[in-house]
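This report concerns ligand surroundings and side-chain pairing. The sequence and the structure are shown below.

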Amino acid sequence: MTAVALTTRASAAAPVTELVDAFGRRAEDLRISLTDKCSLRCTYCMPAEGLEWLSKDRVLSDDEIVRLSAIFLRLGVKSIRLTGGEPLVRPGVAGLVSRLAALEPRPELSLTTNALALADKAVDLARSGLDRVNVSLDTLDREKFRTLTRRDRLADVLAGLQAAADAGLAPIKVNAVLMRDQNLSEAGELLGWALRAGYRMRFIEHMPLDAQHAWTRADMVTAEDVLAVLEDEFVLRPVGNRGNAPAEEFEIVDGPGRDTWAVGPWRVGIIASVTRPFCRDCDRLRLTADGQLRTCLFSHDETDLRAALRTGADDDELAQLIATAVAGKAAGHGIALPDFKQPDRPMSAIGG
Ligand code: SAM
Ligand code: SF4
């Protein structure tokens, strides 16, 4: 991994005002990882024993996150998603949310979570200014959940989802990663359940970002596989025009138990980062819990904003560093290329 040096610190250039890369893409969505730690051990994400966690002094403080966020907003970022690891294992997330919600221009604020702690925290988070949540849930079967996550916590996730809905953190998106021999056959059941509950179901292709480096192209479940399973039961129609959204959306025209579905829109999303990449429209940036800026999930380069912060860089210098990183954003992730190499950092340490 290459950490980009602070070569721009002494730059006397005019202050930057926007984040545009060499391919004309404007960075407007920032994912901030609050921690690399997690309360689950999803088999496709990290090993049973966990990983070597970041020490506390390496993790950005709330003050540092708020200061950097203000700079990103000044440069045109419009939405901030808090993620991890599991963001809700970090103490004081609601307090951080209220500080981010007070920034100008106010960002749209969302959270990606495994929902274990959501039953306790949803009301506080909503009151603090969180707009919505994405919840990760790969199965509705207790035993399968225990096998997939190595924890017997399905009931907590379901309680967390209900609490989020009650607190008005809507629309609630539920994200599932499907594995061929484990939960691919459950895709239709998950979609039916989400339609009845009023959640927006999305299926994510497994990406080569697992800590174990066990991903293979041959084994992964593709968007085509998911659609084939769903179309056994549902009539789907592509919506088209996804803009910068990662999910390809399909309208659900018909399916089993239609009269029991909650109020629409009735849609399902497929996030096919591997087989149908959307790099051309990517507007995302990622800030890791230890303050490294990444312009792509699959990048091998990082820009060390923490070092700049902690050695006295002013806001214009930080903005210049960020703009330089964005300018160098790669055209695409290159997973299909023969020389593709998985980055050292796993998904849980980048921020999904
Ligand atoms: N712990 C939180 C959660 O699970 O929602 C937030 C972080 S998690 C890394 C974010 C999302 O990434 C989850 O929906 C998870 O299923 C997904 N994910 C993890 N590893 C993945 C991989 N290798 N490929 C695709 N998605 C992955
Ligand atoms: Fe934790 Fe999310 Fe990874 Fe599962 S996918 S182990 S919940 S970080």
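## Surroundings of ligand 1

In the side chain of H206, an N or O atom lies 3.3 Å from a nitrogen atom of ligand 1. The protein buries 95% of the 540 Å² that ligand 1 exposes when taken alone. Two elements, β4 (108–113) and β6, each give two or more residues to the shell around ligand 1. The coordinates belong to a predicted model, and the distances and areas reported here should be read with that in mind.

There are 20 residues around ligand 1, of which Y44, G85, T113, S136 and M207 come nearest. Sorted by class, this shell has 7 nonpolar, 10 polar and 3 charged residues. S136 places a polar side-chain atom 2.5 Å from an oxygen atom of ligand 1. T113 approaches ligand 1 through the backbone: one of its backbone N or O atoms lies 3.3 Å from an oxygen atom of the ligand.

## Surroundings of ligand 2

Which residues surround ligand 2? They are C38, L40, C42, C45, M46, G85 and N114. By class, the shell around ligand 2 has 5 nonpolar and 2 polar residues, and no charged residue is found there. G85 is named in both settings: G85 is among the residues that come nearest to ligand 1, and G85 also belongs to the surroundings of ligand 2.

## Salt bridges

Side chains of opposite charge can pair when their charged atoms come close. The structure holds 26 salt bridges. Three of these pairs are set out in the table, with the N to O distance for each.

| Acidic residue | Basic residue | N to O distance |
|---|---|---|
| E64 | R310 | 2.8 Å |
| D225 | R180 | 2.9 Å |
| D283 | R284 | 3.2 Å |

E64 and R310 form a salt bridge with their closest N and O atoms 2.8 Å apart. This pair links distant parts of the chain, since E64 sits in helix α1 (residues 62–74) and R310 in helix α8 (residues 305–310), 246 residues apart. Is E64 buried or exposed? With a relative accessible area of 14%, E64 is buried. Its partner R310 has a relative accessible area of 41% and is partly exposed.

The side chains of D225 and R180 meet in a salt bridge at 2.9 Å, N to O. D225 lies in helix α7 (residues 223–231) and R180 in the loop between β6 (173–177) and α6 (187–197), so this pair ties together parts that are 45 residues apart in sequence. Both partners are partly exposed: D225 has a relative accessible area of 21%, and R180 has one of 37%.

In the salt bridge between D283 and R284, the closest N and O atoms are 3.2 Å apart. D283 is buried because its relative accessible area is 10%. R284 likewise counts as buried, at 5% relative accessibility. Elsewhere, salt bridges that share partners join R58, D290, R294, E302 and R345 into one network.

## Aromatic pairs

How many aromatic pairs does the structure hold? The structure holds 4 aromatic pairs. Ring pairs link F234, W261 and W266 into a cluster.

Terms used:
Residues are numbered from 1 along each chain as its sequence is written. Chains are lettered from A and ligands numbered from 1 in the order in which they are written. This is a predicted model: local features need pLDDT of at least 70, side-chain atom pairs count only at pLDDT 80 or more; totals for chains, interfaces and linings use all residues. Side-chain values use heavy atoms; hydrogens and water are left out. A residue is near a molecule or strand if one of its heavy atoms lies within 4 Å of it. Ala, Val, Leu, Ile, Met, Phe, Trp, Tyr, Cys and Pro count as nonpolar, Asp, Glu, Lys and Arg as charged, and the others, Gly among them, as polar. Rings of Phe, Tyr and Trp (its six-membered ring) pair if their centres lie within 6.5 Å; planes under 30 degrees apart count as stacked, over 60 as edge-to-face and the rest as tilted. A salt bridge is a side-chain nitrogen of Lys or Arg within 4 Å of a carboxyl oxygen of Asp or Glu. Helices (H or I, at least four residues) and strands (E, at least two) are DSSP runs, numbered from the N terminus. Buried means under 20% relative accessible area, exposed over 50%, partly exposed in between (1.4 Å probe, protein chains only). A polar contact is a pair of N or O atoms within 3.5 Å; within protein, one must be able to donate a hydrogen and the other to accept it, and residues adjacent in sequence count only if both atoms are side-chain atoms. Accessible areas come from the Shrake-Rupley method with a 1.4 Å probe; for residues, only the protein chains shown count as cover.
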